[in-house]
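Colleague: I am new to this structure. Please take one part and walk me through it closely, then show me how the rest is laid out around it.

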Amino acid sequence: MEEIRLRFAPSPTGPLHIGGARSALFNFLLARKLGGKLILRIEDTDLERSSRESENNILDSLQWLGINWDEGPDVGGAYGPYRQMERLDLYRQYTQQLLDKGMAYYCYCTEEELEQQRQEALAQGGNPMYNGKCRDLTPEEKQKCEAEGRKPVVRFRVPENKEIVINDLVRGQVVFKSEEIGDFVIVKSDGIPTYNYAVVIDDTLMKISHVVRAEEHLSNTPRQILLYEALGFKVPQFAHISLILGKDRSKMSKRHGATSVVQYKEEGYLPEAVVNFLALLGWSPEGEKEILSLEEIIQQFSLDRVAKNPAVFDLEKLLWINGMYIRESSVERLVELAVPYLIKEGYLSENPSPEEREWAKLVMSAFQERLSKIKDVTEQIKTLVGEEVHFENEEAAAVLEQETCPLVLRTFKDKLAALDEVTPETVKTMLKSIMKELKLKGQFVYMPIRVALSGQQHGPDLFLIIGILGKDLALRRIERALKKVSC
RNA sequence: GGCCCGGUGGUCAAGUGGUUAAGACACGGCCCUUUCAAGGCUGCGACACGGGUUCGACUCCCGUCCGGGUCACCA
């Protein structure tokens with residue numbers, strides 16, 4: 001039995017993209033489902049754009065999501081190194097092999113020449129591919145180019161009249177013709193291999209059995225298969241999953257909003273929610289239950305249930321899923337998550353005291369049911385902090401004009417002042433007693449107090465609001481309202 | 001432009017020749033409730049189009065249209 005080995009191979013050219021996260025997730029899911037391993041490989045051959053900072057961000061993001069790998073640049077493994085730039089020697093020997101066999105050749109064309117070729121091909125309505133100019137350079141021609149100081153690239157000699165068949169695990173059979181593929185570069189003029197080349201050698205050397213990646217790579221696959229065959233390597237199984245699109249149905253990009261995993265983390269999304277959402281984008285569980293833990297998803301995961309069509313990223317649904325997870329969370333966890341936001345907005349001091357943490361707990365239990373993402377709590381809490389009460393609108397202000405309002409507020413003030421312990425329970429019974437004594441319907445008691453305390457007609461249960469404000473501030477806000485009402 | 005992949009409600013998405021074409025998000029209504037939210041119930045809403053094949057097509061074939069990807073010394 002062949003060992004099951006999957007990999008996620010990002011380029012460290014920026015923070016982990018949401019689409020990359022989904023590729024990583026699907027690889028992870030399949031690896032776990034099949035009892036195989038997940039390998040993390042860093043494809044850092046683009047010297048211009050690659051950075052260690054991005055690499056770290058990618059690892060952090062994956063870890064945050066709960067996507068763990070068995071081998072990688074940080075943990076090592078038997079098939080390392082796991083950064084392509086540390087594997088240059090490995091590629092070199094295969095390049096020599098291809099060169100010796102005449103399956104690859106040096107090309108001295110300049111960028112300008114290539115650009116011109118492309119334009120010409122395009123103008124003739126053809127495929128803008130390399131025309132094979134340097135395919136059969138004589139030693140003299142070569143020498144001339146060298147003398148001019150030209151640095152050659154290595155191109156792969158694409159065989160003629162060949163059908164390349166991909167048996168894709170999600171797309172089925174896809175056929176390409178070799179005539180549609182021009183001789184492509186496998187080693188750049190600086191000696192660094194290109195993606196299509198390095199990926200083949202690495203996947204082979206790392207014994208990757210299944211390559212699960214985004215659909216944008218489907219058209220690259222025939223090139224890679226040609227390379228596998230030229231090198232005498234075994235071709236792995238391929239599975240190309242569809243892309244994630246923005247609202248306007250084009251590929252997800254910055255203008256669609258947050259595209260990187262850290263941005264979602266910073267907005268206050270829970271990792272389980274992001275994972276759950278991503279899994280549902282292009283895959284569907286068998287049952288009707290959509291809120292699933294990673295374990296449940298692994299159990300149910302299968303490539304047969306992966307959709308072929310691209311999926312539009314629906315933030316509304318992510319928000320909903322996130323809200324579901326927030327509601328399922330313990331208040332303690334929510335407090336941990338919320339504290340940084342609360343500190344940042346100045347609602348808590350840098351090192352929150354036990355009292356402040358207790359307050360944060362009141363806040364989070366009050367808002368747990370109504371948050372879609374943790375960060376929103378800073379917005380929601382605004383009305384419950386400070387001396388000033390701002391009425392959300394005229395309608396709210398009008399509540400205080402009610403005839404019975406002064407009486408209600410005064411009664412409430414006295415009773416609250418007399419309360420020894422302000423807990424949800426004591427406040428609750430206190431409020432009920434006001435209803436009874438004054439013989440007033442709920443709305444004539446609760447609404448004026450609510451508006452006087454928060455300026456809002458809507459919000460968490462009144463007794464929770466009072467807990468968050470605290471006895472003293474609540475009293476002062478009532479007094480202010482009372483002053484306004486009595487004149 | 002050539003090649004490749006795709007096209008079920010606004011969005012995600014079941015479905016694999018015969019179904020009243022699931023479900024979820026969003027949206028509307030009702031219930032619950034002192035408010036909102038959450039929750040429960042309910043409603044609106046779809047097989048891109050045109051030809052075939054077949055007794056019968058969302059499902060199979062062809063064409064058209066639409067969307068996306070790719071054709072880099074980026075991955």
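Modeller: Here is a close look at helix 1, followed by the core, the RNA surface, the domains and some backbone details.

This is a predicted model, in which local features need pLDDT of at least 70 and side-chain atom pairs count only at pLDDT 80 or more, while totals for chains, interfaces and linings use all residues. Residues are numbered from 1 along each chain as its sequence is written, and chains are lettered from A and ligands numbered from 1 in the order in which they are written.

Start with helix 1. Helices (H or I, at least four residues) and strands (E, at least two) are DSSP runs, numbered from the N terminus. Helix 1 covers residues 18-34, 17 residues in total. From first C-alpha to last it reaches 24 Å. That is close to the expected 24 Å, where the expected span is 1.5 Å times one less than the number of residues. Just after helix 1 comes G35, with a positive phi of about 70°.

Is helix 1 mostly covered or mostly open? It is mostly covered, with 15 of its 17 residues buried. A residue is buried if 20 or more other C-beta atoms lie within 10 Å of its own, exposed if 12 or fewer, and partly exposed in between, with C-beta atoms placed from the backbone.

Now the core. A nonpolar core is a set of buried Ala, Val, Leu, Ile, Met, Phe, Trp, Tyr and Cys residues joined through C-beta atoms within 7 Å. The largest one holds 113 residues, and L25, A338 and V363 touch the most other members. Helix 1 gives the largest share of this core, nine residues. In soluble globular proteins, nonpolar side chains tend to be buried together. Leaving aside neighbours within four places in sequence, V363 is in contact with V377, I381 and I468. Contact here puts the two C-beta atoms, placed from the backbone, within 7 Å.

Next, the RNA. Strand B is surrounded by 61 residues, and the closest are E43, Y195, N309, G442 and Y446. A residue is near the strand if its C-beta atom, placed from the backbone, lies within 6 Å of it. Among the elements that give two or more residues to this surface are helix 4 (111-123), helix 11 (315-328) and helix 18 (442-454). The surface residues divide into 21 nonpolar, 19 polar and 21 charged. Ala, Val, Leu, Ile, Met, Phe, Trp, Tyr, Cys and Pro count as nonpolar, Asp, Glu, Lys and Arg as charged, and the others, Gly among them, as polar.

Chain A is assigned domain 1 (5-84 + 244-312), domain 2 (87-241), domain 3 (330-382) and domain 4 (394-486). These bounds come from an automatic or database domain assignment. The C-alpha centres of domain 2 and domain 3 lie 54 Å apart. A147 sits in helix 5. It is exposed because it has 8 C-beta neighbours inside 10 Å. From A147 to E401 is 93 Å, C-alpha to C-alpha.

Last, the backbone. Most residues other than glycine have a negative phi, and most peptide bonds are trans. The bond from G80 to P81 is cis, with omega near -5°. P81 lies in the loop between helix 2 (52-65) and helix 3 (88-100). N161 is not a glycine, yet its phi is positive, about 50°. N161 is exposed, with 7 C-beta neighbours inside 10 Å. K207 also has a positive phi, near 55°. K207 is partly exposed, as 17 other C-beta atoms lie within 10 Å.
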